[in-house]
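Here is a friendly walk through one model, with the sequence and coordinates at hand. Please keep the viewer open as you read.

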Amino acid sequence: MNIEIVSIAKKERSTYDPLYKELIKMISRFAKVDDTELFNKDVTKAHTISPEASKQAYSKLLEPYISKGFNIILHPDGKIVDSYEFSKLLDDKIAIKFFIGGAYGFEDKFLKKSDVVISLGNITMSHKIAKVVLLEQIYRGFSILSNHPYHK
Ligand SMILES: C[S@@+](CC[C@H](N)C(=O)[O-])C[C@H]1O[C@@H](n2cnc3c(N)ncnc32)[C@H](O)[C@@H]1O
């Protein structure tokens with residue numbers, strides 16, 4: 001299976017890079033993970049204008065990535081899923097794209113383009129922490145599906 005995580009994020013070194021690397025390596029026995037970080041001058045400018053302008057700039061960057069595979073948006077106001085429900089989203093798929101938003105989240109019209117909008121809980125995390133939690137849940141989800149002891 002191919003998984004792509006598409007985030008609104010500056011391409012810069014992060015304290016979390018070793019965690020991403022380790023979790024992507026752990027997942028590699030189940031799926032290949034591509035980590036795509038998108039940011040441009042329009043986003044920088046929109047951040048100085050308004051939340052709405054920012055969300056529009058995010059949509060413009062993210063829209064080309066919404067594709068034929070299964071598209072999952074991570075959003076604090078989405079459907080809260082536990083790890084077992086999350087694992088079912090991974091089941092029987094060839095390609096999944098996960099979307100992580102920028103500082104102002106997503107435009108409603110972009111949210112409607114996905115197959116499902118999920119929340120990782122009633123807290124708001126930075127996009128960097130959300131990616132760590134997402135990667136751990138992807139590994140946990142595959143462990144549940146394959147009855148690997150990691151999830152116990
Ligand atoms: C700083 S948050 C954006 C917060 C913004 N106020 C909003 O309402 O979406 C950046 C991104 O991290 C992800 N994120 C943060 N907390 C989350 C949660 N509890 N569940 C799912 N995704 C979350 C989402 O993709 C979000 O767009």
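Let's begin with leucine 90, which counts as buried because 21 C-beta neighbours lie inside 10 Å, and the cut-off for that class is 20 or more. Bear in mind as you look around that this is a predicted model. Leucine 90 is found in helix H4. Leaving aside residues up to four places away in sequence, leucine 90 touches Ile96, Ile138, Gly141, Phe142 and Leu145. One of these contacts spans a long stretch of chain: leucine 90 and leucine 145 are 55 residues apart in sequence, yet their C-alpha atoms are separated by 8.6 Å.

**The sheet**

What is the strand order of the open sheet? Its five strands run S2-S1-S4-S3-S5, with parallel pairing. Strand S2 (32–38) and strand S5 (116–119) are the edge strands, each pairing on one side only. From one strand to the next, the twist averages 30 degrees. In general, the strands of a sheet pair through backbone hydrogen bonds, in either a parallel or an antiparallel way.

S3 and S4 pair in the parallel sense over five bridges. To find this pairing in the viewer, look at isoleucine 73, whose bridge partner in S4 is phenylalanine 99. Helix H3 (residues 51–62) lies across strand S1 (2–8), S2 and S4, and runs at about 150 degrees to S1.

**Around the ligand**

The ligand is surrounded by 17 residues, the closest being Leu74, Gly101, Gly105, Leu120 and Ala130. Strand S3 (70–80) and helix H6 (127–145) each supply at least two residues of this shell, and the largest share, three residues, comes from S3. How does the shell divide by class? It has nine nonpolar, eight polar and no charged residues.

The UniProt record, an unreviewed entry, places the feature "binding site" at Leu74, Gly101, Leu120, Gly121, Asn122, Ile123, Thr124 and Met125. Two of the positions in that record, Leu74 and Gly101, deserve a closer look.

Leucine 74 sits in strand S3. Not counting residues up to four places away in sequence, leucine 74 touches Phe98, Phe99, Ile100, Ile118, Leu120, Ala130 and Leu134. Glycine 101 lies in the loop between strand S4 (95–100) and helix H5 (108–111). With the same sequence neighbours set aside, glycine 101 touches Ile8, Tyr58, His75, Phe106 and His127.

**Burial at a glance**

The table sets these two positions beside two others that are taken up below.

| Residue | Class | Other C-beta atoms within 10 Å |
|---|---|---|
| Leucine 74 | buried | 24 C-beta atoms |
| Glycine 101 | buried | 25 C-beta atoms |
| Aspartate 92 | exposed | 8 C-beta atoms |
| Asparagine 147 | exposed | 8 C-beta atoms |

**Two backbone details**

Most residues other than glycine have a negative phi. Aspartate 92 has a positive phi, near 60 degrees. You will find aspartate 92 in the loop between helix H4 (83–90) and S4. Asparagine 147 also has a positive phi, near 55 degrees, and lies in the segment after H6.

Why is asparagine 147 classed as exposed? The reason is its count of 8 other C-beta atoms within 10 Å, as a residue is called exposed if that count is 12 or fewer. Aspartate 92 counts as exposed because it has 8 C-beta neighbours inside 10 Å.

Note on methods:
Residues numbered from 1 in each chain as written. Predicted model: local features only at pLDDT ≥ 70, side-chain atom pairs only at ≥ 80, totals over all residues. Near = placed C-beta within 6 Å. Helix = DSSP H or I, 4+ residues; strand = E, 2+ residues; numbered from the N terminus. Nonpolar A, V, L, I, M, F, W, Y, C, P; charged D, E, K, R; others polar. UniProt positions renumbered as here; feature names shortened; annotations may be inferred. Contact = placed C-beta atoms within 7 Å. Pairing = 2+ DSSP bridges. Axes fitted to C-alpha atoms, helices over the stretch in contact; angles between N-to-C directions.
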